[in-house]
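Dear colleague,

Please find the structure below, handed over for your records. My findings follow it.

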Amino acid sequence: MKLRQLVLAASVVAAAASSALVSTAAFAQAKEQFFPVLPYRTGAYAPNGVPWANGYSDYLRLINARDGGINGVKISSEECDTAYATDRGVECYERLKGKAKGSVFQPLSTGITFALTEKAPGDQNPLITGGYGRSESSDGGVFKWNFPLMGTYWSGADIIMQFITKKENGNLKGKKIALVYHDSPYGKEPIPLLQERAKMQGYDLQLLPVTAPGVEQKATWLQIRQARPDYVLLWGWGVMNSAALKEAVATGYPREKMYGVWWSAAEPDVKDVGEAAKGYSGLVATGLGGKVIEDVKKFVHDKKQGTGPADEVGTTLYNRGLVSAALAVEGVRAAQDRFGKGKVMNGEQIRWGLENLNMDEKNLKKLGLDSVMKPLSTSCLDHEGSRSARMHSWDGKKWNYVSDWIEADTSIIKPLVKQFADKYAAERKLTRRTPADCQS
Amino acid sequence: MFYRENGQFKTSYKADQQIFPIAQDRWGVLILIAFAFLAVPFLADEYMMRAILIPFLILALAALGVNILVGYCGQISLGSGAFMAVGAYAAFNCWVRLEGIPLIAALLVGGFFATLVGIFFGIPSLRVKGLYLSVATLAAQFFCDWAFLRINWFTNNSASGTASVSNLTAFGFDIVTPLQKYIFCLSVLVVFGVLAKNLVRGAIGREWMAIRDMDVAAAVIGIRPMYAKLSAFAVSSFIVGVAGALWAFIHLGSWEPAAFSVDRSFQLLFMVILGGMGSIMGSFFGAAFIVVLPIAINIFLPLLGSLVGIEVSTAALTHAEQIIFGALIVWFLIVEPHGLAKLWSVGKQKMRVWPFPH
Amino acid sequence: MGFFLETLIGGLMAGMLYSLVALGFVLIYKASGVFNFAQGAMVLFAALAMARFAEWIPVYAGIKSPVAANLIAFVLAAGVMFIVAWVIEYLVLRHLVNQEGTTLLMATLGITYFLDGVGQSIFGSDIYKIDIGMPKEPLMVFQNAFEGGLMVNQEDMVAAAIAAFLVAALSLFFQKTTTGRALRAVADDHQAAQSIGIPLNRICVIVWCVAGIVALVAGMIWGSKLGVQFSLSSIALRALPVVILGGLTSVPGAIIGGLIIGVGEKLSEVFLGPYVGGGIEIWFAYVLALGFLLVRPQGLFGEKIIDRV
């Protein structure tokens, strides 16, 4: 017993001493652009986080393998698992931010985004929150360092409502719409927009929160069975999505009337339910296949450099991760065009690049991205870039597109964004950016 | 031989009753505090401060509060996360709704409301004992989780349900850079540490320990169980509430209720048990262990792996973290069930009688 | 009225599912005085083992029939749980004999983290399917009495039946077999049992093995219902009020407690929830258990805690 105690004491002292050596001053090699990755490969949300992270890492490797980097500057990247927990995300951010003089962070978690929104501006690190994050951060006049590219939650909710409105031939008066949402900032994001639209269109909105992680939803679906809403919107993440679909099957709610946001309508959510989820539809902001997917297969997976399994390439969440990486890379490229081709960019320069993105059809075709994303262009006041998506529907084996690209209605969204952005600025005692600042 | 109190004679009651009667202890603590205030700011880089030292300080404060309830008074509490949340949200509401209120006042108000909630959920402890009491504190945990998500008033009607603060100042100093945050948290911790140490060696502390050891016998000799247990809940919740407000304001800046989930409660309980129940020093040891260990594993395992030529994937790293964490906790409890504080006191005892074995 | 009955029946079924998990807690506490917080992790581990074995057997062993694959996977997973039980007893519990309750609690929490990490490392963090042929469509009964009939979840009914069968089997095991009697003796008084020659260590392993089987059955049913994934271990937190309400040492208490908590949860969420915005079922279960505890501080069927001065 005494020897054990001695060993224990010695190991504790050693651990304490070694922790003093913990330091992250190792800067990336001078000639490499550092891209940190904050995925979650473990925990309750891993099934959905892993394909996204694989797509992200694969695209970065593709740029190195196919193009030799961004105008000759090679990309280096490092992953730090956040397990979808805010404090782990913050710790990962602190650890990785020291590795370069400014880099783009994409936390893939609304909770971590909120925390980093406070820290990133001070550290001069731009945040890309493509398809998630704060919906009001599309207002670049207040949120200088946030970039919710390719659609915020308000855009997404708006697109779903447009689709449903069209289905009902333009009249939603008196209809009942239920929102089954993940009880967290992520799930609550669409509520202001849906309430705004309810006022405009006269439908009845029923809010049904599901406590995280959303494993047991019997009570929610019993309520749906009682209320018999005309449509159910699913705003879940991770296991909540497949649990919701399974409960829908168990209570007999037709899956054809269920519509999910782009984070609730991907392969991991339905592959477990299989045939029973047939008819379930959801948003998707990316396209299929195309040259870039071919390139990834050729330059990355065929050379055994792929981050994940090869059959994952081209799935919904994988494409989303890939496009997110592409946006970051294009931001750096745009920055290099202005501040010096072939040089390593710092945070402020990358931010400028992201604010002046101009990915039109021609550009996208050159990069091979034309079938996987729509043209996007950002500006000082518009950090969203583009706000369109399609509906795809599960047929039991795969997803099929059931609509054209629908663009979100900015007439409803813009006033909401301004209202909430102004509120944020007032709380923080920030002033809106001046036009002069926009030109810098 | 190093720790002898030979020759230290006390000539007044005041000297005898002081908080650190042995001169070595006194000097040791003073040097430690001086080191923390004066030397660490120069030795630690920004990452160390932001990711390790500041969380350590705040969680040590919370562990202190939990130790008072679990270690000194023997009431198992699995709801400390909820009390932290109450402290954080009460301080937030105070800060946002009362213009110009000083930061310290907001933190103390947060602690006060946490006290009220703690006393309320501590009432079942008068009837329910042992493991069954854990359900009362878990009820507090889940209720608070729900309340802060559902009741918009608590988050100042923000659309997404997150609360955030910025531009903190105290006594005219800004609290924005990591160094300022570190000094602020350190000061709060030192103040509360001294207060807690004095409480537990006073009458009320002895009452708590009597209740912990044998509550029926304590009641027989005249200690009122209600007063003792509820005061333990009150003091513990106050400290935990202030720690929660610090965690939200200083460390996170912008938070959601999930930051104070049941995992946080378990983490605090781990700190108390690993550090040593019923020991103030133990709370600090436990907090240091729990804060540093996952990060150390995360940083050193890839290095070890590269030495042997194995690349450790991020998922494997997190899993390894969990495995090592769990295994270490179990090993610890087998080897030293009384925690790190017991190791420390054994060490001191050895120093006292060195070179003799006992 | 019809909807109220549907909610009631749904609650009763959910309660039975919770009591499946609660049984594991009760078994271990009854026989070794350890409150096994790792029960949720054991449910997850067992379910992961069964799901992955059922996936790997057709691929590697060439057995195509799903029934056979499931059976073999079940047996293999049970074997894995036996190994886990033996390892826990040998490495952990044997060295922590006679320690305080809180120490043992923390040790089981450490085991939770360990099992979570090992399970995900070996079997993966994706969502895995357990397909034991449970019917997924709802069943309508009493079509004459209520319009449209009452909806009953078939999968839950089968699960409730399995739970009832398991309880009956366990009761028989405890009452009629020698090992069962030895277990009851150990639960009564460790020292007395040891003094008449009952090998404590072996009994401990047997109890943990049985609890492991119970965890496997619970994991199989919950996994079939919801898919096997990391958040399955959070079911333990839902089953905790059941254990506390029924009493930590009572098997029938786990069932009755489960029924009460299940009904309470669902009724409160469906009928009270809309007034306060919803999402109340988790804390309501705890508050309900707390309410019962205030009347009977040792749970409905638990042993009275006798304090000696």
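Which residue in β7(A) does Ala178(A) stand opposite? The partner is Val232(A). Please bear in mind throughout that this is a predicted model.

Strand β7 and its neighbours in chain A

The pair just named belongs to a parallel arrangement: strand β5 of chain A, residues 176-182, is joined to β7(A) by five bridges. Strand β8 of chain A, which covers residues 258-260, also pairs with β7(A) in the parallel sense, here over three bridges. Within that second pairing, Gly260(A) of β8(A) is found opposite Leu234(A). The connection between these two strands involves helix α9 of chain A, residues 239-251; together, β7(A), α9(A) and β8(A) form a β-α-β unit that is right-handed.

As to its surroundings, β7(A) spans residues 231-235, and five of its five residues are buried. Both faces of the strand are covered. On one side lie Tyr231(A), Leu233(A) and Trp235(A), and on the other Val232(A) and Leu234(A), all of them buried. Val232(A), which stands opposite Ala178(A), is thus on the side shared with Leu234(A).

The contact between chains A and B

Chain A contributes 44 residues to this contact, and chain B contributes 35 residues. On the chain B side, the elements that supply two or more residues are α3 (46-72), β4 (254-255), α12 (280-308), α13 (314-335) and α14 (340-353). Of these, α13(B) provides the largest share, namely six residues. By character, the chain B residues that touch chain A comprise 19 nonpolar, 12 polar and four charged.

Chain C as a whole

Chain C holds 11 helices and two strands. Read from the N terminus, its elements follow the order α-α-α-α-β-β-α-α-α-α-α-α-α. The C-alpha trace extends over about 65 × 60 × 35 Å along the principal axes of the chain. For 309 residues, a compact globule would be expected to have a radius of gyration near 19 Å, and the 20 Å computed for chain C agrees with this. Of the 309 residues in chain C, 56% are buried. Among the contacts in chain C with a separation of 6 or more, 73% join residues that are 24 or more positions apart.

Yours sincerely

How values were computed
Residues are numbered from 1 along each chain as its sequence is written. Chains are lettered from A and ligands numbered from 1 in the order in which they are written. This is a predicted model: local features need pLDDT of at least 70, side-chain atom pairs count only at pLDDT 80 or more; totals for chains, interfaces and linings use all residues. A residue is buried if 20 or more other C-beta atoms lie within 10 Å of its own, exposed if 12 or fewer, and partly exposed in between; C-beta atoms are placed from the backbone. Helices (H or I, at least four residues) and strands (E, at least two) are DSSP runs, numbered from the N terminus. Two strands pair if DSSP finds at least two bridges between them. A crossover is right-handed if, with the strands pointing away from the viewer, the path from the first strand over the helix to the second runs clockwise. Two residues are in contact if their C-beta atoms, placed from the backbone, lie within 7 Å. Ala, Val, Leu, Ile, Met, Phe, Trp, Tyr, Cys and Pro count as nonpolar, Asp, Glu, Lys and Arg as charged, and the others, Gly among them, as polar. The radius of gyration is taken over C-alpha atoms; the globule rule is 2.2 Å times the number of residues to the power 0.38.
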